[in-house]
Structure formats: C-alpha cells, structure tokens
Amino acid sequence: MIRTPEEIAKMRKAGKVVAEIIERTQAAVRPGVSTLDLDKVAREVIERRHARSNFFNYHGFPATICTSPNNMIVHGIPSADVVLKEGDIISVDCGAIIEGYHGDAAYTMGVGGISKAARRLIEVTAASLEAAIEVMREDNRLHDIGRAVQDTAEAAGYSVVRKYVGHAIGTAMHEEPQVPNYWPGNPGPKLKVGNVYAIEPMVNIGGPDTIELEDGWSVITADGSLSAHFEHTIAITEDGPEVLTRG
Ligand code: MG
Ligand code: MG
C-alpha cells in the first residue's frame, strides 16, 4: 500500500511515542525489575501521550508490550513473576497508535553484565536490521530486505527464525505483505515511495526452529539457544528509508 505524506506524518507521531517507550523501558531494565514493571512503564508513556496500545487485547494479548527473556524469541507476557537478573538478555516489543496510525518496534538488551556470546548476538541482530534498512529504497525488491537480514545473521554463524516475520503497517499493525527475514526464493515486488514496513529480525545462536508455550503466546527456541529481536517501522521516501520509531 502507498501511504500519503499526511498518513506518514501521523505514523511519524506514533513512531515518536514508540521511541519514547523504547527509551523509558530501556532505562528501567536492571536486575530485580520484573517484566510487569516494564509493562507499567510502557503503559504510562501511552497514557501520557494520549496514544492507544496496539498490543493490548490484540487477539486477547493481556499487556502493553511483549517481554521475552533469554531463549524466548517473541510474544512473552509481562509478569510480576519474571524478575530480570544480572546476565539475562531481554527482548521488548512495543507499539502505539496515534490518530489511527500504528508504530511497532523492538529491541534486545543485556541486564547488567552479560556474556560475550550474548553481546555478540545482540550486536549482530541489530546490525542485521540496519543492513535491511539500508536496502529499503525505491525500486529495490521486497525480499532484498530479508536477504540483507539473513546474510548478516548467517555470516556470524547464527540462524534466522522462519516462522515469524515482518509486515507492512499503517492503519493496522499487521498489514500485507509479510516480509520474511530470509530470501524466500524470489525477489518479490518492487519497493515504492510511500510503502511502510515493520522489519523485525529474530536471530538465534542455534537453529531456527521455534516452540510455542502452553500460554498460547510465548515462543522459545526449540534448542534452548539465546535469541535476539530488533524491529523498526520504516517508511520508504524519495530520500531513502526513514526510520519512524527512532527517537
Ligand atoms: Mg513488534
Ligand atoms: Mg511487528
């Protein structure tokens, strides 16, 4: 879908709220904090900025953000019982709606000091998103995005999750088309000025396979290896990619 400059201006506003959620939750991450505490931080930002949550009640999801520690890839439910400890990594996925337009982003960070292996995973996953953003230019192809993610992750010896993917975004959080984080065997359509995508590499130290837990949400790595997740909402403009969810 092609979004008008007026629509992208609204998505930019939503993106600024998401950027503030990122900034505030990152500042709150430390040993002893629960993932429910992080959810409260996010909810406070949404309320103060007069935004709406696109996560709360999404297919019944009970919180404002997803919090996924260590070998959990995505969709973890914030809980007072999940208390962060030194050496953990935590993935936070968050979003907001302003004037009917959505923003969506995610990050992974360490809790206190973390292992060299965990730090490298986080750095490579962040770099895979940056490589993807770099190819989001008019007349490149949709699946250049996934190829850039996959090349970056696999060059480091990691694997890219197949089952969960990025997506177009606008007046709904998840719009068509989906955007895999790998080369699906064909280039896909040309990218156009006005396209807006939420690109979200999920990268595992081990294999790409996933298991959904009995809560119906939490997704972990099948082999128990650590996983990281970064996401931004990006508009393709005449001047190149514009990251809407960056502060
Ligand atoms: Mg997200
Ligand atoms: Mg998303």
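1. Helix H1 (5-28) contributes the largest share of the lining of the second largest pocket, namely four residues. In this predicted model, strand S4 and helix H3 (116-134) likewise give two or more residues to that lining. The volume of the second largest pocket is about 170 Å³.

2. Fourteen residues line the second largest pocket, and those nearest its centre are Ile 22, Tyr 107, Phe 230, His 232 and Arg 246. By class, the lining comprises seven nonpolar, four polar and three charged residues.

3. The largest pocket has a volume of about 490 Å³. Its lining numbers 26 residues, with Tyr 58, His 75, Tyr 164, His 174 and Glu 200 closest to the centre. Two elements each supply two or more residues, strand S6 (166-168) and strand S7 (175-179); S7 gives the most, with three. The lining of the largest pocket holds eleven nonpolar, seven polar and eight charged residues.

4. Glu 200 is also a donor to the magnesium ion (ligand 2), through OE. The other protein donors of this ion are Asp 104 (OD), His 167 (NE2) and Glu 231 (OE), and the donors lie 2.1 to 2.2 Å from the ion. Their spacing along the sequence is D-x62-H-x32-E-x30-E.

5. Two of these donors, Asp 104 and Glu 231, link distant parts of the chain, being 127 residues apart. Asp 104 belongs to strand S4 (residues 101-110), whereas Glu 231 sits in the loop between strand S12 (227-229) and strand S13 (232-237). Both Asp 104 and Glu 231 are buried.

6. Asp 104 coordinates both the magnesium ion (ligand 2) and the magnesium ion (ligand 1), which are 3.2 Å apart.

Note on methods
Residues are numbered from 1 along each chain as its sequence is written. Chains are lettered from A and ligands numbered from 1 in the order in which they are written. This is a predicted model: local features need pLDDT of at least 70, side-chain atom pairs count only at pLDDT 80 or more; totals for chains, interfaces and linings use all residues. Side-chain values use heavy atoms; hydrogens and water are left out. Donors are N, O and S atoms within 2.8 Å of the metal (3.2 Å for Na, K and Ca); water is not among the atoms, so sites may look incomplete. Buried means under 20% relative accessible area, exposed over 50%, partly exposed in between (1.4 Å probe, protein chains only). On a 1 Å grid over the protein atoms alone, a cavity is a set of points where a 1.4 Å probe fits but cannot get out, and a pocket is an open set with protein on both sides within 12 Å along at least five of seven lines; lining residues have an atom within 4 Å of a point. Grid points are joined across faces, edges and corners, and a volume is the space filled by probe spheres set on the points. Ala, Val, Leu, Ile, Met, Phe, Trp, Tyr, Cys and Pro count as nonpolar, Asp, Glu, Lys and Arg as charged, and the others, Gly among them, as polar.
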